[in-house]
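User: I'm new to protein structures and I'd like to learn how to read one. Could you walk me through this one, feature by feature?

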Amino acid sequence: MKKFISILCLSLFFTIGYTQTNKTKIEDAVFTKGSLYKQEVFSVDNIAAFRLDAIKVTNLEKFDITTGVRIVQKRIFGKNPETFTNYIDANEISGVITALQYIKTILKSNTIPSNYTEIKYSTPSGFQIALITILNEQDKLTWEFMAQPNLSVEKTRVSLSLKDIDTLLKAFEQAKQKLQ
């Protein structure tokens, strides 16, 4: 019985520790309890699959300012609408922009690898973009662009058009500019 309780406590400890390391600074600021704070939301251009908002949170007691991006995705599964939210800290935005620019460069080169290939970028908070090869109707490899606003929720993955890369890049660039 002691061994079972020890294993249970150890499992709980690792679970709590894992979930706490994935929290972002902006998420902590948005969900602060027992504190007076101001939240400013700046809209940016969006894609149909999800919405991005640049967010600035000011703790009015400590005068701390935290910034980042909130990603909101609304999906309908059967008859049930669900909303998924993820946060990206301001210091992670440049990485997403660089990855999107790299993906655009790959597509401009018109080069398709001869084998299955995935080019992925994930933020520490779990937002992921990916360029993967798929077989088209002629059984030839071609590129497909995907995004997953929250890696911990499998059903948030969406296939996007290659045109959405420019729109998503513009949205992140706008968010970065509004938060400076």
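**Reading the fold step by step**

Analyst: Happy to. Counting up the secondary structure gives 4 helices and 8 strands. Keep in mind that this is a predicted model.

User: In what order do the elements run from the N terminus on?

Analyst: The order is α-α-β-β-β-β-α-β-β-β-β-α. The protein has 180 residues, and 39% of them count as buried. Among contacts with a separation of 6 or more, 49% link residues 24 or more positions apart.

User: Now the sheets. What holds strands of a sheet together?

Analyst: Here's the general idea: strands pair through backbone hydrogen bonds, and the pairing can be parallel or antiparallel. Now the case here. One open sheet has 4 strands in the order β1-β2-β3-β4, paired antiparallel. Its edge strands are β1 (37-43) and β4 (80-89), each pairing on one side only. From one strand to the next, the twist averages 30 degrees.

User: How many bridges join β2 to β3?

Analyst: There are 9 bridges between β2 (residues 51-59) and β3 (residues 64-77), and the two strands run antiparallel. If you want to find a spot on screen, look for L52, which stands opposite I71 in β3.

User: Which strands does helix α4 lie across?

Analyst: Helix α4 (residues 163-178) lies across β1, β2, β3 and β4, and runs at about 15 degrees to β2. Helix α3 lies across β3 and β4, but its direction is at about 100 degrees to β4.

User: And what is the strand order in the sheet that contains β5?

Analyst: That open sheet has 4 strands in the order β5-β6-β7-β8, with antiparallel pairing. β5 (118-122) and β8 (158-160) each have a single partner strand, so one side of each has no neighbour in the sheet. The twist averages 30 degrees from one strand to the next.

User: Which strand is joined to β6 by 8 bridges?

Analyst: That's β7: the 8 bridges join β6 (residues 128-135) to β7 (residues 141-148), and the pair runs antiparallel. For example, T133 has W143 in β7 as its bridge partner. Helix α3 (residues 90-108) packs on this sheet as well, touching β5, β6 and β7, and makes about 20 degrees with the direction of β6.

User: How many bridges join β5 to β6?

Analyst: 5 bridges, again with the strands antiparallel. E118 stands opposite I132 in β6. The hairpin of these two strands has 5 residues between them, and there G126 takes a positive phi near 105 degrees.

User: Which residues other than glycine have a positive phi, for instance?

Analyst: One of them is D139, with phi near 60 degrees. D139 sits in the loop between β6 and β7. Another example is N110, whose phi is about 55 degrees, in the loop between α3 and β5.

User: Is D139 buried or exposed?

Analyst: Here a cut-off helps: over 50% relative accessible area counts as exposed. D139 has 62%, so it is exposed. N110 is exposed too, at 68%. T98, in helix α3, has 48% and is therefore partly exposed.

User: How far is T98 from L169?

Analyst: This is a good lesson in comparing chain and space. T98 and L169 are 71 residues apart along the chain, while their C-alpha atoms are separated by 9.0 Å. You can try the same with Q180, in the segment after α4: Q180 and T67 are 113 residues apart in sequence, and 9.0 Å apart in space from C-alpha to C-alpha. Q180 counts as exposed, at 75% relative accessibility.

User: Last one: pockets. What shows where empty space is left?

Analyst: The general trick is to roll a probe the size of a water molecule over the atoms. In this structure, let's take the second largest pocket, which has a volume of about 160 Å³. Its lining includes K25, Y37, N59 and D64.

User: Which element supplies the largest share of that lining?

Analyst: It's β2, with 3 residues. α2 (25-30), β2 and β3 each supply at least two residues. By type, the lining of this second largest pocket divides into 3 nonpolar, 5 polar and 3 charged residues.

Key: Residues are numbered from 1 along each chain as its sequence is written. This is a predicted model: local features need pLDDT of at least 70, side-chain atom pairs count only at pLDDT 80 or more; totals for chains, interfaces and linings use all residues. Side-chain values use heavy atoms; hydrogens and water are left out. Two strands pair if DSSP finds at least two bridges between them. Axes are lines fitted to C-alpha atoms, for helices over the stretch in contact, and angles run from 0 to 180 degrees between N-to-C directions. Contact means heavy atoms within 4.5 Å. On a 1 Å grid over the protein atoms alone, a cavity is a set of points where a 1.4 Å probe fits but cannot get out, and a pocket is an open set with protein on both sides within 12 Å along at least five of seven lines; lining residues have an atom within 4 Å of a point. Grid points are joined across faces, edges and corners, and a volume is the space filled by probe spheres set on the points. Ala, Val, Leu, Ile, Met, Phe, Trp, Tyr, Cys and Pro count as nonpolar, Asp, Glu, Lys and Arg as charged, and the others, Gly among them, as polar. Buried means under 20% relative accessible area, exposed over 50%, partly exposed in between (1.4 Å probe, protein chains only).
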